[in-house]
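I opened this entry to look up one helix and one sheet. My notes follow the order in which I checked them.

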Amino acid sequence: MANHAIKTHRLTKRYGATLALDSLSFSVGRNRIIGLIGPNGAGKTTLIKILTTQLKPTSGEAYVLGYELEKSIEIRKRISLLPQEVKAHFYTLTPFEYIYHYLRMRGLKRGEAKEKAREAVREFNINYADKLMVELSGGMVRKALVAMILSFNAELYFLDEPTVGLDPSARFELWQILREKAKSSTIFLTSHYIDEVSKVCDEVILLNKQILLQGKPEEIVKHYLPRFRKKVVLFEYADVGEYAVKKAGKYIFVYPQNESELEELTKSLISRGVPFKIEELTIEDLFLLGWAND
Ligand SMILES: Nc1ncnc2c1ncn2[C@@H]1O[C@H](COP(=O)(O)OP(=O)(O)OP(=O)(O)O)[C@@H](O)[C@H]1O
């Protein structure tokens, strides 16, 4: 058995003139959780598509569980993938049926598939297992899909943004389940949330077309993050004086440096009737503020 779950050498992907992955060389070991983080357009989904043999690289090599990418049948038997988006035509099934059919498709016998599907809805607290998928909220669908992917005993799981749309308690539950899974399998996940990767991952890869850093979450946090991890998101322009400000699409992000600055800023916005919300810093902020660009 190969020691590495994933190993790449100068892996490169171009879409026409767009360079999505620029000569990635990295490897990750087994039985651990690896977090792939990077801003929008960093190449995370592209890398997952290549490693799951859905997309061919332009050049370079990669080995998944010791198999070169050409051995796609061997690789696909051993992995399980949660994509970012789901096809809607399965929506007339219940979450339980959805999981059951997935396990049947992956070769499990009827009885075993039923047993595992039951276990999955129990483990993930899916108390809506008899409703149709089409009747569920986005977060509930996402949870059912994560349960489905993890119900199969894979050697390596690829989870593209598994916690998007989940409420805080469902996110927390999922982290526990992932930690348990990582005792006997490898999990490669993408995320935009810093708290998520620091709490759940053993190792983090910071990607922006190239690998900027690979290491323990603490190293990334120490290297790049400020101590105060909240920002204020304005829905319209307002003069905020001295605070660091970045425009991101139709929003304006303001970065106070501590709780008292945050309080002062929000009071002033409320008194002027400026609409805003407070959010945790995300990976995007690292890049917006230029912390991760060096
Ligand atoms: N099918 C495609 N054709 C052309 N360009 C593409 C295609 N897929 C991705 N790209 C481009 O490749 C780059 C990397 O995209 P990718 O979706 O891999 O990034 P990402 O890190 O997953 O982003 P996000 O966090 O927004 O999901 C982007 O510039 C994107 O526009």
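How many residues does helix α5 have, and how far does it reach from its first C-alpha to its last? I noted first that the model is a predicted one. Helix α5 runs over residues 138-151, which is 14 residues. Its reach is 20 Å, close to the 20 Å expected at 1.5 Å a residue.

Next I looked up burial, taking buried as under 20% relative accessible area. I found 12 of the 14 residues of α5 buried, so the helix is largely enclosed by the rest of the structure. The buried residues include G139, R142, K143, L145 and M148. The list continues to the end of the helix with I149, L150 and S151.

What covers these buried residues of α5? I listed the helices α3 (95-105), α4 (110-123) and α6 (168-181) among the covering elements. The strands β6 (79-82) and β7 (156-160) are also included.

I then turned to the sheet. It is open, has 4 strands in the order β12-β13-β11-β14, and its pairing is antiparallel. β12 (244-248) and β14 (276-280) are the edge strands, each pairing on one side only. From one strand to the next, I recorded an average twist of 30°.

I looked closer at one pair. β12 pairs with β13 (residues 251-255) in the antiparallel sense, over 5 bridges. For V245, the bridge partner in β13 is V254.

Which strands does helix α9 touch where it packs on the sheet? Helix α9 (residues 259-272) touches β11 (230-234), β13 and β14. I noted that its direction makes about 15° with that of β11.

Conventions
Residues numbered from 1 in each chain as written. Predicted model: local features only at pLDDT ≥ 70, side-chain atom pairs only at ≥ 80, totals over all residues. Heavy atoms only, no water. Helix = DSSP H or I, 4+ residues; strand = E, 2+ residues; numbered from the N terminus. Expected span 1.5 Å × (residues − 1). Buried < 20%, exposed > 50% of the residue type's maximum accessible area, 1.4 Å probe, protein only. Contact = heavy atoms within 4.5 Å. Pairing = 2+ DSSP bridges. Axes fitted to C-alpha atoms, helices over the stretch in contact; angles between N-to-C directions.
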